[in-house]
Amino acid sequence: MTRRYSRIAGTGSFLPPRRVTNAELAADLARCGIETSDEWIVERTGIRARHFADPDVASSDLGAEAARRALAAAGVQPGEIDLIIVATSTPDVVFPSTAAILQHKLGIAGCPAFDVQAVCSGFIHALAVADAMIQSGAASKSLVVGAEVFSRILDFSDRTTCVLFGDGAGAVILEASGWPGILATDLHADGGLVNILCVPGNVAGGRVLGDPFVRMEGQLVFKHAITVLGETARAVLAKAGKTEADIDWLVPHQANIRIMLGSAKKLHLPPEKMIVTVDQHGNTSAASVPLALDSGVRAGQIKRGQTLLLEAVGGGLTWGAVLAVF
Ligand code: UT7
């Protein structure tokens, strides 16, 4: 009996139109007495600009637009989708899930729709769950989305975080196939590190309790990121019986160009084999990997039949990788 794989049938992405350069952000922050510069941001992170959504735009709006583009690229009608998973840390509301809201915006009903919360590695987790459900026969055509309005949880008086993040969404249509497809997935978490990257607040009794903004010990996250990304990349290759030489494209989480280049170097990949969007998008958390994937596909860099290594690390800490033939 032939194995049942899941394969990426189409990709899509969407960025809110308002693009804010480092210089514009630095000028806005200076008006509030916060000092930063284009030079510092570019040198330490590789970020040159990010997109911010208008106040009335939610993650489900960005995600629905990315989903429509992925559906069109795959030649799939919304009504054919039998599973929706949205990875987000900035859901529209506490509940119901952003996935349920997005499902309705696509004009469909009935199929399972739920969110996955693994912060910046959320899309990798969502893709692994969808892959497992397709392999098991529980789904055949799934929509997997990473969507964020991270600007809503940024403290613009904290220059160590507010210059790093942006808003956006990316999506893939994953469908059952006799051919790969996703070759292997690898997921991890270490809750002992919850405090180094978190939004330590919640809603209770009609009020926000605690601190509702992103807090990060950047250097610690940086150090752990380099280690765990190397480990998960090696693990997913081993699971698939592949080697570094089989990778055509590294599609990493777009948090910091220095972490990304470090990951590529560990895999003995030249920087030309890595998709880079961090310069234009900043860190869009769960949206970053699908945004980078779609950008590589639409730019004609990523071609059918090529092998992709997708990897990410985020709050939790959580981390993981997906190895797939596109
Ligand atoms: O998406 C989830 C995963 N997240 C990540 O992977 C992020 C990982 N961490 C990082 O990318 C980096 O640690 C940062 C980009 C957050 C920071 O870069 P760094 O090279 O680790 O800088 P640093 O924290 O060591 O700060 C160096 C200096 C400090 O000044 P002093 O103490 O040396 O005088 C900071 O106060 O840079 C200062 N600084 C800034 N200066 C201008 C921090 N933020 C800024 C800023 N503008 N925005």
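Helices and strands are here runs assigned by DSSP, at least four residues long for a helix and at least two for a strand, and they are numbered from the N terminus. With that numbering, Pro-96 can be placed in the loop between strand 4 (83–87) and helix 4 (98–105), and the same kind of address will be used for the other residues of this predicted model.

Pro-96 is a useful place to begin, since the peptide bond that joins Phe-95 to Pro-96 is cis, with an omega of about 5 degrees. Most peptide bonds are trans, and most residues other than glycine have a negative phi. A further cis bond runs from Pro-180 to Gly-181, where omega is near 0 degrees, and Gly-181 has its place in the loop between strand 7 (167–177) and strand 8 (182–189).

The backbone also has residues with a positive phi. His-268, which is not a glycine, has a phi of about 55 degrees, and this histidine lies in the loop between helix 8 and helix 9 (278–281). With a relative accessible area of 63%, His-268 is exposed, because the cut-off for that class is over 50%. Ser-285 likewise is a residue other than glycine with a positive phi, near 55 degrees, and is found in the loop between helix 9 and helix 10 (288–298). Is Ser-285 buried or exposed? Its relative accessibility is 1%, so Ser-285 counts as buried, the limit being under 20%.

The loop that holds Ser-285 leads to helix 10, which is mostly covered, with eight of its eleven residues buried. Among the buried residues of helix 10 are Ser-288, Val-289 and Pro-290, and also Leu-293, Asp-294 and Gly-296. Just after helix 10, Gly-300 takes a positive phi of about 80 degrees.

The next topic is the ligand. Which parts of the chain does the ligand lie between? Domain 1 (5–179) and domain 2 (183–325) both give residues to the shell around the ligand, and therefore the ligand lies between these two domains. The shell holds 23 residues, and the closest are Thr-36, Gln-219, His-253, Asn-256 and Asn-283. Sorted by class, the shell has eleven nonpolar residues, eight polar ones and four charged ones.

Several side chains can be followed to particular atoms of the ligand. Thr-36 places a polar side-chain atom 2.7 Å from a nitrogen atom of the ligand, while an N or O atom in the side chain of Arg-44 is 2.9 Å from a ligand oxygen atom. In Gln-219, a polar side-chain atom lies 2.4 Å from an oxygen atom of the ligand. On its own the ligand has 950 Å² of accessible area, and the protein covers 74% of that area. Two or more residues of the shell come from each of helix 2 (38–45), helix 6 (159–162), helix 7 (218–240) and helix 8 (257–266), and helix 7 gives the most, with four residues.

His-253, one of the closest residues to the ligand, is found in the loop between strand 13 (249–252) and helix 8. At 7% relative accessibility His-253 counts as buried, and its side chain is joined to that of Asn-283 by a polar contact of 3.4 Å. Asn-283 is itself listed among the closest residues to the ligand.

Aromatic rings are the next subject, and a pair of them is described by the distance of the centres and the angle of the planes. The count of aromatic pairs comes to two. In the pair of Phe-52 and Phe-156, the ring centres are 6.0 Å apart and the planes stand at 90 degrees, so the arrangement is edge-to-face. This pair links distant parts of the chain, 104 residues apart, with Phe-52 in the loop between strand 3 (49–51) and helix 3 (59–74) and Phe-156 in the loop between strand 6 (141–149) and helix 6. Phe-52 is buried, with a relative accessible area of 6%, whereas Phe-156 is partly exposed, at 32%.

One more histidine, His-125, has its place in helix 5 (residues 122–136). Its relative accessibility of 14% means that His-125 counts as buried. From His-125 to Val-20 there are 105 residues in sequence, and the distance in space, C-alpha to C-alpha, is 29 Å.

Technical notes
Residues numbered from 1 in each chain as written. Predicted model: local features only at pLDDT ≥ 70, side-chain atom pairs only at ≥ 80, totals over all residues. Heavy atoms only, no water. Near = heavy atom within 4 Å. Polar contact = N/O pair within 3.5 Å; in protein donor to acceptor, adjacent residues only side chain to side chain. Areas by Shrake-Rupley, 256 points an atom, 1.4 Å probe, with all protein chains shown as cover. Nonpolar A, V, L, I, M, F, W, Y, C, P; charged D, E, K, R; others polar. Domains from an automatic or database assignment. Buried < 20%, exposed > 50% of the residue type's maximum accessible area, 1.4 Å probe, protein only. Phe/Tyr/Trp six-rings, centres within 6.5 Å; stacked < 30°, edge-to-face > 60°.
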